[in-house]
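Good morning, and thank you for coming. I would like to take you through one protein chain.

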Amino acid sequence: MIDYALWEVIENGNTAPKTTVVEGVEKVMPPITTEEKAQKRLEVKAISNLMMGIPNEHQLKFNSIKDAKLLMEAVEKRFGRNAATKKTQMNLLKQQYENLLLQA
């Protein structure tokens with residue numbers, strides 16, 4: 001199942017958090033409205049889903065990234081040109097194509 005809202009957050013980034021300046025120090029305001037809370041929940045879910053796809057030995061390298069879009073870019077940069085990754089992507093595409101043919 002594809003969660004399009006998650007991909008929207010991953011591809012386009014989440015909305016910028018609201019900030020206020022108090023005595024010359026910029027502070028990030030926590031989400032207040034239901035919509036802001038839902039966006040934050042989607043961001044956390046997107047990050048956790050991306051982290052699940054990263055091999056265990058590489059988890060610490062990506063753990064400090066707190067934005068789904070930046071995390072996806074870092075993963076693509078690190079693994080995008082990897083031969084094993086390309087082979088896995090090709091196998092997944094073949095499986096999806098075969099499933100489409102079986103459903104038709």
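I will go from the overall fold to the nonpolar core.

This is a predicted model, in which local features need pLDDT of at least 70 and side-chain atom pairs count only at pLDDT 80 or more, while totals for chains, interfaces and linings use all residues. Residues are numbered from 1 along each chain as its sequence is written, and side-chain values use heavy atoms, with hydrogens and water left out.

The protein chain has five helices and two strands, taken as DSSP runs of H or I with at least four residues and of E with at least two, numbered from the N terminus. Their order from the N terminus is α-β-β-α-α-α-α.

How does the chain's radius of gyration stand against that of a compact globule of 104 residues? The chain has 18 Å, whereas such a globule would have a value near 13 Å; the radius is taken over C-alpha atoms, and the globule rule is 2.2 Å times the number of residues to the power 0.38. The C-alpha atoms fill a box of roughly 60 × 35 × 20 Å along the principal axes.

Buried residues, those under 20% relative accessible area with a 1.4 Å probe, protein chains only, make up 17% of the 104 residues.

Let me turn to the core. The largest nonpolar core, a set of buried Ala, Val, Leu, Ile, Met, Phe, Trp, Tyr and Cys residues joined through side-chain atoms within 4.5 Å, has 15 residues, of which Ile54, Phe62, Ala68 and Leu71 touch the most other members. Helix H1 (4-12), helix H2 (34-52) and helix H4 (68-79) each supply at least two residues of this core.

Terms used. Buried < 20%, exposed > 50% of the residue type's maximum accessible area, 1.4 Å probe, protein only.
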